[in-house]
Every structure is written in structure tokens, then in C-alpha cells.
Amino acid sequence: MIRTAVIETAGSDPVLRQVPRPAAGDGRVHVRMVASALNFADLLKAQGKYQEREELPFVPGLEGAGVVVDAPEGASVAPGDRVIVAAPGTMAEEVAVPETAVQRIPDEMGFAEAAGFHVAYGTSHMALSGRARLESGETLVVLGAAGGVGLTAVEIGRAMGARVIGVARGAHRLAVVKAAGAHEVIDSAECTDLRAALRDMGGVDVVYDAVGAEPGEAAFRALRRGGRFLLIGFAAGRPPELPLNHALVKNIAVHGFYWGGYRDLDPDAMSDSMEALFAMYRAGNLSPVTGETLPLDRIAEGFAMLRERRSVGKLVITF
């Protein structure tokens, strides 16, 4: 038997249950999990508000890292390999996933770093390099810059040669954003007119919006002609109401970006993006920020931290 976290009713926190170990020899890769990351999407799924609904009960978790214990003959990984896992249901001591859901991780990367690497860094890298086509010398503003995905957007934007403006709440979060590479920061708790503040900074070419609502609307209005707006998430509770007449007259492109959708849309692009990110990590251009690390039996505390927006960096659950 193994321990796993389970969401049993909509809106509830996860509880721990004992379940049978995944059966061997089913053509899937079996991984003993060492760490798994919590994402805002896990909270939304538990509340029944995510774009991909899960049938109750379900095991939360979208990513993690561990050690391969069994793999099909001829697979790209073998028992003993340290791997990243990108698949639903990673909040369990062992998982069985398709071979496409695992990749070897660099020897230099710890399990806690790897656990929260795939979704956040993959989202920012594919959104900025693919959808937004961010260019060196352009200005990027990141809303929710101290969150799990926001910090990765700051790092990757800086590594791509952009001037990065990070927007977050409070001095502690802003210090983390600066340390991640932001050239300038804005305290959302003290800024009464984000649109004006960004315009005073010269305007922006790309908005990375993981917040939505009024901050997204204000940043949209600060975009220069030919700007790009990335819809990443809605931590504020609702999408931004964007004035599309402005998009028309200023030739602004609005891109929705859902990283998980690329599992079906273009899985090779996901794999290539991750290899590019591992290369950036090995080169010292990325320094993942692991926030609170909690054991599996305290996973409900992690959900509370997400719900109350008390986390900085990625929340990691260990086994």
C-alpha cells in the first residue's frame, strides 16, 4: 500500500488515504515520488473551477520528481533514473505514467527544485519565446511576479535580454522579484494607477498576466503599438476585461496560453522547451525559488497557503 492525497468533495482540502501500489508491467513508467509541487491550478481543480474538470474523488498534483522503479523495455528511461514527472495525480508516494510524461533531470538539480520546475518554467518559456516572441531589448511586465510562474517569467525574460518590470505586493515579495532578475519593481499595494506607472516607465511591449482583473486591464492599456498580451491565469478571481478596440487600433495581439493543453496540441514542443530550460539551468541562468516545503501529511496547509496567497515561489510537498 502507498499513501496518497485525495480530494473527495468539491471545495474540500485533500485528505490522506492508503491505496494499492500501482500494478507493474502495464507499459507505463513507475516512479517513486520524492517531491511534488502545488500549483494554483490544484486549488482551482479542488474547487471545481478549473478549465479541465476532474471526476471526484481525484488525486491532486500536476508535476513532481522522483526515481524510476520500473519502465517498459526500450523506454527512454530506466530504473534508477532521476526524472521529472508531468502528469495529473502526482501527490502520491508512487505513480505510473506514460513515458511521455517523464524526462531525466540534470544531475545538479535537486528533487525539490525539479518538482516545481516543469509547469512554471515550461509555461513561461513557451509563452514568452513562442507565443509572445519576446525580443532582446523589449520591455516585459510580469503581473504576480512573486508567484510560482511569475518568478520564472522574470528569470526567463531577463535571460532573453528583455527589460523586466515585476509587479508584486509588499517589500518582501519585491525583494525576491529583484533577486530573480527584475530591473524594476512596482508594489501593487502602494500603486494606485498601474497604467500610469507603466507608462511613466516608457510603456511595455509584452504583458505576462497571471493575475487578471483590474491589474491585467491596467497593464493592457500601457502596451505600446504592436504589443503582446499573455493570458496566463486569473489569481485575482476573474479574467481581465480587455478593451478590444484598443487591440485593433494599436495592433495588439492577445494570446491565451495554457501549458497543459500542449500535451495534446504539440507534445514535442513541450519536450524541446524543457531541454532548452535544462540547458539554461546548467548554464546558471535559472535559479528556481522553492518556497515552503511541507511533508505530505501537511498538504492541507499548502492548500491554505495557496488560497490565502501567502506563498512565495513554489510550494513543494515531500514524501
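I began with the term cavity, which on a 1 Å grid over the protein atoms alone is a set of points where a 1.4 Å probe fits but cannot get out, its lining residues having an atom within 4 Å of a point. The model I looked at is predicted, so local features need pLDDT of at least 70, side-chain atom pairs count only at pLDDT 80 or more, and totals for linings use all residues. I number residues from 1 along each chain as its sequence is written.

**Cavity.** I looked for cavities of 30 Å³ or more and noted one, with a volume of about 100 Å³, a volume being the space filled by probe spheres set on the points. Of the 16 lining residues, those closest to its centre are G116, Y121, P288, V289 and K314. By class I noted eight nonpolar, five polar and three charged residues in the lining. Helix α4 gives the most to this lining, with four residues, where helices are DSSP runs (H or I, at least four residues) numbered from the N terminus.

**Backbone.** I then turned to the peptide bond from L56 to P57, which is cis with omega near -10°; P57 is found in the loop between α1 (40-46) and β4 (63-70).

I also looked up positive phi values in residues other than glycine, and R133 has one near 50°. R133 sits in the loop between α3 and β8 (139-143), and counts as exposed at 57% relative accessibility, exposed meaning over 50% and buried under 20% relative accessible area. Phi of A213 is also positive, near 50°, but A213 lies in helix α7 (residues 213-220) and counts as buried, at 3% relative accessibility.

Technical notes: Heavy atoms only, no water. 1 Å grid on protein atoms, 1.4 Å probe; cavity = no way out; pocket = protein on both sides within 12 Å on 5 of 7 lines; lining within 4 Å. Helix = DSSP H or I, 4+ residues; strand = E, 2+ residues; numbered from the N terminus. Nonpolar A, V, L, I, M, F, W, Y, C, P; charged D, E, K, R; others polar. Buried < 20%, exposed > 50% of the residue type's maximum accessible area, 1.4 Å probe, protein only.
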